[in-house]
Number of protein chains: 4
Amino acid sequence: MYDIIFEADTPAGRWFDIGLLVAILASVLFVALETLPELHKPSGKDTLAALSTAEWFLTFLFTIEYGLRLLCSRHPLRYAFSFWGIIDLLSVLPSYLTLIAGSGSRSLLTLRSIRLLRVFRVLKLWRMMNEADELAFAVWNARNKIVVFLAVVLVAVTISGALMYHVETLMFDVDKTSGVNEASQFTSIPQAMYWAIVTMTTVGYGDIVPKTSIGKLISALLILLGYSLIIVPSGFVSAELIGLKTDTSRHQEQHACPVCEVSIHLKDAQYCHRCGAPLR
Amino acid sequence: MYDIIFEADTPAGRWFDIGLLVAILASVLFVALETLPELHKPSGKDTLAALSTAEWFLTFLFTIEYGLRLLCSRHPLRYAFSFWGIIDLLSVLPSYLTLIAGSGSRSLLTLRSIRLLRVFRVLKLWRMMNEADELAFAVWNARNKIVVFLAVVLVAVTISGALMYHVETLMFDVDKTSGVNEASQFTSIPQAMYWAIVTMTTVGYGDIVPKTSIGKLISALLILLGYSLIIVPSGFVSAELIGLKTDTSRHQEQHACPVCEVSIHLKDAQYCHRCGAPLR
Amino acid sequence: MYDIIFEADTPAGRWFDIGLLVAILASVLFVALETLPELHKPSGKDTLAALSTAEWFLTFLFTIEYGLRLLCSRHPLRYAFSFWGIIDLLSVLPSYLTLIAGSGSRSLLTLRSIRLLRVFRVLKLWRMMNEADELAFAVWNARNKIVVFLAVVLVAVTISGALMYHVETLMFDVDKTSGVNEASQFTSIPQAMYWAIVTMTTVGYGDIVPKTSIGKLISALLILLGYSLIIVPSGFVSAELIGLKTDTSRHQEQHACPVCEVSIHLKDAQYCHRCGAPLR
Amino acid sequence: MYDIIFEADTPAGRWFDIGLLVAILASVLFVALETLPELHKPSGKDTLAALSTAEWFLTFLFTIEYGLRLLCSRHPLRYAFSFWGIIDLLSVLPSYLTLIAGSGSRSLLTLRSIRLLRVFRVLKLWRMMNEADELAFAVWNARNKIVVFLAVVLVAVTISGALMYHVETLMFDVDKTSGVNEASQFTSIPQAMYWAIVTMTTVGYGDIVPKTSIGKLISALLILLGYSLIIVPSGFVSAELIGLKTDTSRHQEQHACPVCEVSIHLKDAQYCHRCGAPLR
């Protein structure tokens, strides 16, 4: 039993993993589909009922899985309070909570919020990715760079947001004489900072855009500056990752030469490239 | 004959390749132009007829090419069922199918779908790119990273989509009192997930944008988080490619071992890493 | 006293730093919130007054900090005219200036501009980031590349802006016959250059888009060209950073030479490259 | 004379270069400003006249510069037909052509086109950038990768454009019943290909967006696929540049060790790190 659930190497464990993967994806899909407005019209009643049934079936499966994991674990309590234990619990609890919360008629909003929590089941996917650890490790290693990156972005966003707010609200009276008659969309600094974030990350929705000539000029300069500024920290994170990757690929699989103690060899080397001594 | 079609080194083969390239590009252009609404007005009848004639001429050429390839191939059957054989067949079949399908009057939609299949001719371009193999190899090598990347994006998109759906539909009643009177564009979780994908990849159409203050705040945080998150896996893929490139460039400049003829060595190698013979 | 303010290693210094960080973030938040239009309605009066009080309290704190720094510094004058001295002064001065400027009734605009200057307090954050120096150093090292990058962008933006302006205003008469009846949005070359910058950096607001077929064709080609063009200089900056990083990581893991104490060596070095003494 | 114009090392040459830089930037600015619609109203007459005068003054300067370059050059004819010679000629010719073309009253459009050609003066900037050669060299080295990149984009754009055109026009009848009543914006394959380019490069104007549910689903998948696909070739170009950079930085400034002939040393090495022999 333990083998099937916790090990992915046995055939049974592999099938268990694939089944779990399908169940997670289906479950998240059902939660998402349930919110489609088409299904809340009278014509969508049957589909909604079918979704609800399927959902309860999957919740039942996840409950069994959670029970089995608790049962099989050598330290059930430690598992229950571990990261994965909480995720597993969170993926079944909301469904049962809706039964309780649903009894009160006024708690429709709370009910809906709880139902949405089921979406966190998608985190169970994470456990299946072996490479995710490497990724998490890389992010963890680059955490200082990411904090610096976010701080740089914060400084840039605050200053350019305040500047654009000032320019767009100030210059509007000047420009009105020359044909611009829409209201400025930079209504406050927080709004302007939202614009700056959307712009500097090159998302560029276009819901807030400069309307005045001077606003366009400054915004074009800010875009160029922001773009130059943002590639530097991204380059830093890339460099961190590439350094990590290079180090890992070079070191992990190699032993030191027994004669000259050079530790860097090609992965399939059989003789030391410095002194010619056999490596293994 | 074989030389002309399959080898690009002879002058005739080179001319054949260039001719084929022009034919493919022209053919795809014609298929695309045929759908222009201007040509389906009475005034565009002549142009449409000319396009159709040119199209049939190119189909005829591709049919000959397919026949010759079948004829010249040492294993005609193996070619017919190979990837390129199927692409070559797919690039002529739809045109002939329209003749059959066109006879039924109700099958206009099917007819149009089949005609569009001709666009797959563009895949014939792929065969001409020598570097494409290297690219395909790099993508293949990075396939694990890409799957992890897609899984990370899926998790991020699901959670942020559900969050934004909840915030925007919930907060709308609160914000309505303070001047926002447009309907929320986050009508369902799938819609919100579509928004999250469009946002996190920094495409940012702007057809769906947060309208409430709290929605803008959360969306700005999600953009920054998503941006930080997305550069890490892209950096990983880049690192993979750069590692590959570095490995390749390190290997390429080396001489073969005089004994075992292995040609890949570390740059400062003095002994062959396979057989231990001195390299120089 | 000196230790607390200028050193981050002692516990007191650490607490001082954390307090300062919170004060800076809160202060910038207050300045931003003050501009929300909701607070300038009668119902927001109380919140506005609270924000103003909190703001004055923080200004008072920053004034004390500035005074202490002046007092503790070994060379008060040098500090006062240093970069950080000016930033520290700028973060308190605007608040006091509003008291003076506020007396004249016509200077509302000036008053507002001065109040916005307080946003520069966010620059005080910079001092706390140890990694920021490394980043600033990298940007400084890459300054030539960034200038070249900006010059390339300027050339590309000017030429493609002029081209699109010409095409969109010229072709409009031709296309009008085929159903396009909106006015061209490329009203002048500066406007078209703003479009080109927004497009080439992949921000893509969508406030200015080509309307004619030929304009769309040329703009699609320009996007591809611009995209190819822009990744080359970004790659350059990345390469610069990765080179820097690689150099650093290569050096860091080495021991000092026992004779001349130079600590930076190639990883496989056997003799000191400065004095020739054997390293190990 | 020759020194001043062609050499940047002498003080006079440096001043000449700075003057030329300012003249080029001013000239391009004037050409751009001339097209502002505000200046073509009666109130802008004076500014327009001033711009025209300034423009003629700069044209006069560029003419002198062209004449001097022709005069000073050792091979005037070779200069006249060189790349820079043609650029220099192109930067003065259009202004004179407007005098001739202006006489005919119907040639207003031609006149305007010719006037716009003056914008190519910005190319004169290129000559001043020493680093531009390195950049051009890198682009030239990466030309194969860029062609592959463009071919991959072409294939992806064609297929996804045809797919989205089919889905959006076909599915519209199905979706109309469920509340979508705007017309599809994917009116033809070329239009859909324009959408695909704008989307895959993450520009994302938002002037053309999918309206149907199935269109949004497919477009979200295409965005993810396109994003994964596009970072691979960009990574390739980056890798090329990084390889170039690494090679250059490592090799150019180093000599081989006179004893053991190892050619790779730290830049400031004074002794060989392999055998300890003095390097210089």
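**Ground rule, then Ser160(C)**

Buried, in these notes, means under 20% relative accessible area. I'm working on a predicted model, so every value here is computed.

I started with Ser160(C), which sits in helix H9 of chain C, the run from 143 to 176. Is Ser160(C) buried or exposed? Its relative accessibility comes out at 3%, so I logged Ser160(C) as buried. Then I asked what Ser160(C) is in contact with once its neighbours within four places in sequence are left aside. I found Ala196(C), Met200(C) and Leu222(C).

**Helices H2 and H3, chain B**

Next I looked at helix packing, which is described by the angle between the two axes and the distance between them. In chain B I took H2(B), residues 11–34, against H3(B). Their axes come within 10 Å and cross at roughly 140°. Angles over 145 degrees would count as roughly antiparallel, so I have H2(B) and H3(B) down as oblique to each other. The crossing is left-handed.

I then listed who makes this contact. From H2(B) the residues are Phe16(B), Leu20(B), Ala23(B), Ile24(B), Ala26(B), Ser27(B), Phe30(B), Val31(B), Leu33(B) and Glu34(B). From H3(B) they are Leu48(B), Leu51(B), Ala54(B), Glu55(B), Leu58(B), Phe62(B), Glu65(B) and Arg69(B). Sorted by class, I get 13 nonpolar, 1 polar and 4 charged residues for H2(B) with H3(B).

**Helices H3 and H5, chain B**

I stayed with H3(B), residues 45–72, and checked it against H5(B), residues 83–90. The axes come within 9 Å and cross at roughly 150°. That makes H3(B) and H5(B) roughly antiparallel to each other. I noted a left-handed crossing for H3(B) and H5(B). Glu65(B), Tyr66(B) and Arg69(B) of H3(B) make the contact with Gly85(B), Asp88(B) and Leu89(B) of H5(B). By class, H3(B) with H5(B) gives 2 nonpolar, 1 polar and 3 charged residues. Glu65(B) and Arg69(B) turned up in my H2(B) list of contacts with H3(B) too.

**Helices H3 and H5, chain D**

Then I went over to chain D and looked up H3(D), residues 45–72, and H5(D), residues 83–90. I got axes that come within 9 Å and cross at roughly 150°. H3(D) and H5(D) are therefore roughly antiparallel, and their crossing is left-handed. Which residues meet here? I have Glu65(D), Tyr66(D) and Arg69(D) on the H3(D) side, with Gly85(D), Asp88(D) and Leu89(D) on the H5(D) side. The class tally for H3(D) with H5(D) reads 2 nonpolar, 1 polar and 3 charged.

**Gly44(D)**

While in chain D I checked Gly44(D), in the loop between H2 (11–34) and H3. At 5% relative accessibility, I count Gly44(D) as buried. Not counting residues up to four places away in sequence, Gly44(D) touches Glu38(D) and Leu39(D).

**Thr199(D)**

Thr199(D) was next, in helix H10 of chain D, residues 189–200. I have Thr199(D) as buried, with a relative accessible area of 5%. Leaving out neighbours within four places in sequence, I found Thr199(D) in contact with Val203(B), Tyr205(B) and Ile223(D). Two of those names carry the letter of chain B, so I marked Thr199(D) as touching across chains. How far apart are Thr199(D) and Ile223(D)? They are 24 residues apart in sequence and 7.0 Å apart in space, C-alpha to C-alpha.

**Phi at Thr202**

Most residues other than glycine have a negative phi, so I went after positive ones. Thr202(B) has a phi near 60° and is not glycine. I placed Thr202(B) in the loop between helix H11 (189–200) and helix H12 (213–252) of chain B. Its relative accessible area is 8%, so Thr202(B) is buried.

Thr202(D) also has a positive phi, about 60°. It lies in the loop between H10 and helix H11 (213–251) of chain D. I wrote Thr202(D) down as buried, at 8% relative accessible area.

**Cysteines**

Last, I checked sulfurs. How many disulfides does a search of the whole structure find? I got 0 over all chains. I also looked at two cysteines for burial: Cys72(A) counts as buried at 17% relative accessibility, and Cys72(B) is buried at 16%.

Notes
Residues are numbered from 1 along each chain as its sequence is written. Chains are lettered from A and ligands numbered from 1 in the order in which they are written. This is a predicted model: local features need pLDDT of at least 70, side-chain atom pairs count only at pLDDT 80 or more; totals for chains, interfaces and linings use all residues. Side-chain values use heavy atoms; hydrogens and water are left out. Axes are lines fitted to C-alpha atoms, for helices over the stretch in contact, and angles run from 0 to 180 degrees between N-to-C directions. Helices (H or I, at least four residues) and strands (E, at least two) are DSSP runs, numbered from the N terminus. Angles under 35 degrees count as roughly parallel, over 145 as roughly antiparallel, 65 to 115 as roughly perpendicular and the rest as oblique. A crossing is left-handed if the near helix is turned anticlockwise from the far one by less than a right angle, and right-handed if clockwise. Contact means heavy atoms within 4.5 Å. Ala, Val, Leu, Ile, Met, Phe, Trp, Tyr, Cys and Pro count as nonpolar, Asp, Glu, Lys and Arg as charged, and the others, Gly among them, as polar. A disulfide is a pair of cysteine sulfur atoms within 2.5 Å. Buried means under 20% relative accessible area, exposed over 50%, partly exposed in between (1.4 Å probe, protein chains only).
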